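I'm opening a fresh page for this protein. Here I jot down what I looked up, one topic at a time.

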Amino acid sequence: RNMSESGRFNVYITRSDMPDVGVDQLRKECDVKLWEKPSPVPRAEFLKSVAGANAIYCSLSDRIDKELLDAAGPGLKVVSTISVGYDHIDVQECRKRGIKIGYTPDVLTDATAELTLALLLSTSRRLPEAQHEARTGGWVSWAPTWMTGPGLAGSTVGIVGFGRIGQAVARRVKAFNTARILYFNRSERPEAKEIGAEKVGFDELLGQSDFVICCAALVPETKEVFNKSAFDKMKNTAVFVNTSRGGTVDQDALIEALKTNQIRAAGLDVTTPEPLPLDSPLFKLKNCVVLPHIGSASIEARNTMSELTAQNILAALNGKDLPAELK
Ligand code: DGY
């Protein structure tokens, strides 16, 4: 079973600054080895240190593929990620080897929906730009048409991906007295009725929405769905917000759409790559707000995510059902 000499299971954690609560739980029952820095473990180091692990506690910065699973060896029972997204994990390869996958759905839904609204309003009402003006002398008087942007009240909001987070966003958006909430999703969602959201086709959503919000998981079908043709179909006044994964967007096409005012503005919590290089044109555009992937970064959510990540590991190692297993 590749246990350590102490007869305890080996857990490898890919960075030093995972919230204490989960790590402490693991330390009670397992031998914990971690990358000693508060940054993602470099790939070569990861491949070396993961050897003999029974469990991996990772984040979305760590690619879990065939090579890494080989490096871990046959004692690996579970990969547990402190994220709801799992596009960094080769799910098929884990399945083939009988390795369980733990993730953190639900516990970050509220935090991510809150951030989505914050980003939407920051983008539409131009908060970073306005703060910059206030700090640098651009605020010379109250001015009637200065720093204006579109309001949510009476608008049509389109949500692409209507899972847990998309629905939580819809419920919040509704409180702003929007006229319509549209959604596009593979399947019809029964919850939509009570929320008052209408299922429409992707093109229809793009054409009718004043705000287009991407909450879809990154899977082959959603890769770069926001491409030139999608931006061309949006209103010139549309505000685009993405809090899912950068990979759902053709970023060059987005930059072009922002530069040419094909759309009004974009708010991005996720980009390609991450971190976004400082010389990215996105940082130079006034009509773009970029955040450093902080959707789930409420203190409460991150602590609960870390506990769930640890509990998924302990359950898998003890042969029990995982509290949140990716099936
Ligand atoms: C996730 O959970 O997938 C987010 O991107 C980070 O919390």
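Before anything else I needed a word pinned down: I call two residues in contact if their C-beta atoms, placed from the backbone, lie within 7 Å.

**Entry: can I read the model?** I'm working with a predicted model. The protein averages a pLDDT of 97, and 99% of the residues score at least 70. I also wrote down ipTM 0.98 and pTM 0.97 for the model.

**Entry: helix α7.** I looked up residues 164-174, the span of helix α7. Its buried residues are Ile-165, Gly-166, Gln-167, Ala-168, Val-169, Ala-170 and Val-173. What covers them? I found that the cover includes two helices, α5 (109-124) and α8 (191-195). Strands β6 (156-160), β7 (180-184), β8 (197-199) and β9 (211-214) are also part of the cover.

**Entry: domains.** The domain assignment splits the protein into domain 1 (9-106 + 300-317) and domain 2 (109-290). Their centres, taken over C-alpha atoms, are separated by 32 Å. Domain 1 puts five residues into the contact, and domain 2 puts in six. On the domain 1 side I noted two nonpolar, one polar and two charged residues.

**Entry: the core.** The largest nonpolar core has 92 residues. Those with the most contacts inside it are Val-11, Ala-55, Ile-56, Ile-159, Ile-213 and Ile-313. Which helix gives the most to this core? It's α12 (residues 299-317), with eight residues. Both domain 1 and domain 2 give residues to the core, so it lies between them. I then zoomed in on Val-11: leaving out residues up to four places away in sequence, its contacts include Leu-26, Cys-30, Val-32, Ala-55 and Ile-313. As a general note to self, nonpolar side chains tend to be buried together in soluble globular proteins.

**Entry: Ser-16.** I found Ser-16 in the loop between β1 (9-13) and α1 (20-29). Is Ser-16 buried or exposed? It's partly exposed, because 13 other C-beta atoms lie within 10 Å, and the buried label needs 20 or more. Leaving out residues up to four places away in sequence, Ser-16 touches Leu-34, Trp-35, Glu-36, Lys-37 and Pro-38. From Ser-16 to Lys-33 I count 17 residues in sequence and 9.6 Å in space, C-alpha to C-alpha.

**Entry: the ligand.** Around the ligand I listed Leu-60, Ser-83, Val-84, Gly-85, Leu-108, Gly-295 and Ser-296. By class, this shell has three nonpolar, four polar and no charged residues.

Definitions and conventions:
Residues are numbered from 1 along each chain as its sequence is written. This is a predicted model: local features need pLDDT of at least 70, side-chain atom pairs count only at pLDDT 80 or more; totals for chains, interfaces and linings use all residues. A residue is near a molecule or strand if its C-beta atom, placed from the backbone, lies within 6 Å of it. Ala, Val, Leu, Ile, Met, Phe, Trp, Tyr, Cys and Pro count as nonpolar, Asp, Glu, Lys and Arg as charged, and the others, Gly among them, as polar. A residue is buried if 20 or more other C-beta atoms lie within 10 Å of its own, exposed if 12 or fewer, and partly exposed in between; C-beta atoms are placed from the backbone. Helices (H or I, at least four residues) and strands (E, at least two) are DSSP runs, numbered from the N terminus. pLDDT is the predictor's confidence in each residue, from 0 to 100. A nonpolar core is a set of buried Ala, Val, Leu, Ile, Met, Phe, Trp, Tyr and Cys residues joined through C-beta atoms within 7 Å. Domain bounds come from an automatic or database domain assignment.
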